[in-house]
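Reader: Hey, got a minute to walk me through this one? I've only just opened it.
Author: Sure, pull it up and ask away.

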Amino acid sequence: AAWSPRGLAHAGRQNLKPGKSRSRVGVIAARRRTTLYVIALGVWLTGAVWLLYHYFIRSVDQFGFENIHPQQQYWLVAHGIFAVAAAWMFGVLWPGHVLGGWRAKIRRTSGGWLFGGVAWLTLTGVALYYIGSTQWREWTSLAHWVIGLGWVVPYFVHVWYTRNSQR
């Protein structure tokens, strides 16, 4: 039953059974896909806007000193909230979309790049939260935002390839 622990553990799992169309394996329902797009856009935009505030937008106090812009903190908090939502969404997609597509050998290259990007961004994001060393933090930050900004390329390749292969 769907309410049992075993049923919950296997919720959304799509197996290739005789007669089941291979093209349906890993397909994300429309509402879930919309949620995925909102979260992905949110995590990317909040990270990009934080970068703009961090490196290019400063405020000047009444004494003429440049300071960190006060909104920089809010963008970082928003980025963290979207990152938690992204981790949740990754967990939602894992059984049916990720594992189902991998087992069916569908779009492994773009999916593998996406998985690697998610793993890297998760590890470096958590490391940024806990690293105390300024030098390590600077390198980890650079490694996080360079991959984060570039991660949209494999994301759009995966989405574009999926859209064009369904026609």
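Reader: How many helices and strands are in the protein chain?
Author: The protein chain has 6 helices and 2 strands. Keep in mind that this is a predicted model.

Reader: OK, and in what order do the elements run from the N terminus?
Author: They go α-α-β-β-α-α-α-α.

Reader: What share of the residues is buried?
Author: Of the 167 residues in the protein chain, 25% are buried. The chain exposes about 11900 Å², and 68% of that comes from carbon and sulfur atoms.

Reader: Let's switch to H4. Where is it, and how far does it reach?
Author: H4 covers residues 108-130, which makes 23 residues. From first C-alpha to last, H4 reaches 32 Å, close to the expected 33 Å.

Reader: Which residues of H4 are buried?
Author: Ser110, Leu114, Gly117, Leu121, Thr124 and Leu128.

Reader: That spacing looks regular. Why would residues three or four places apart point the same way?
Author: An α-helix has 3.6 residues a turn, so residues at that spacing point the same way.

Reader: And at what angle does H4 pack with H5?
Author: About 150°, with the axes of H4 and H5 (residues 134-150) 9 Å apart. The crossing is left-handed. On the H4 side, the contact includes Trp120, Leu121 and Leu128, while H5 brings residues including Arg137, His144 and Ile147.

Reader: How do the residues of that contact divide?
Author: Into 7 nonpolar, 6 polar and 1 charged, for the contact of H4 with H5.

Conventions: Residues are numbered from 1 along each chain as its sequence is written. This is a predicted model: local features need pLDDT of at least 70, side-chain atom pairs count only at pLDDT 80 or more; totals for chains, interfaces and linings use all residues. Side-chain values use heavy atoms; hydrogens and water are left out. Helices (H or I, at least four residues) and strands (E, at least two) are DSSP runs, numbered from the N terminus. Buried means under 20% relative accessible area, exposed over 50%, partly exposed in between (1.4 Å probe, protein chains only). Accessible areas come from the Shrake-Rupley method with a 1.4 Å probe; for residues, only the protein chains shown count as cover. The expected span of a helix is 1.5 Å times one less than its number of residues. Axes are lines fitted to C-alpha atoms, for helices over the stretch in contact, and angles run from 0 to 180 degrees between N-to-C directions. A crossing is left-handed if the near helix is turned anticlockwise from the far one by less than a right angle, and right-handed if clockwise. Contact means heavy atoms within 4.5 Å. Ala, Val, Leu, Ile, Met, Phe, Trp, Tyr, Cys and Pro count as nonpolar, Asp, Glu, Lys and Arg as charged, and the others, Gly among them, as polar.
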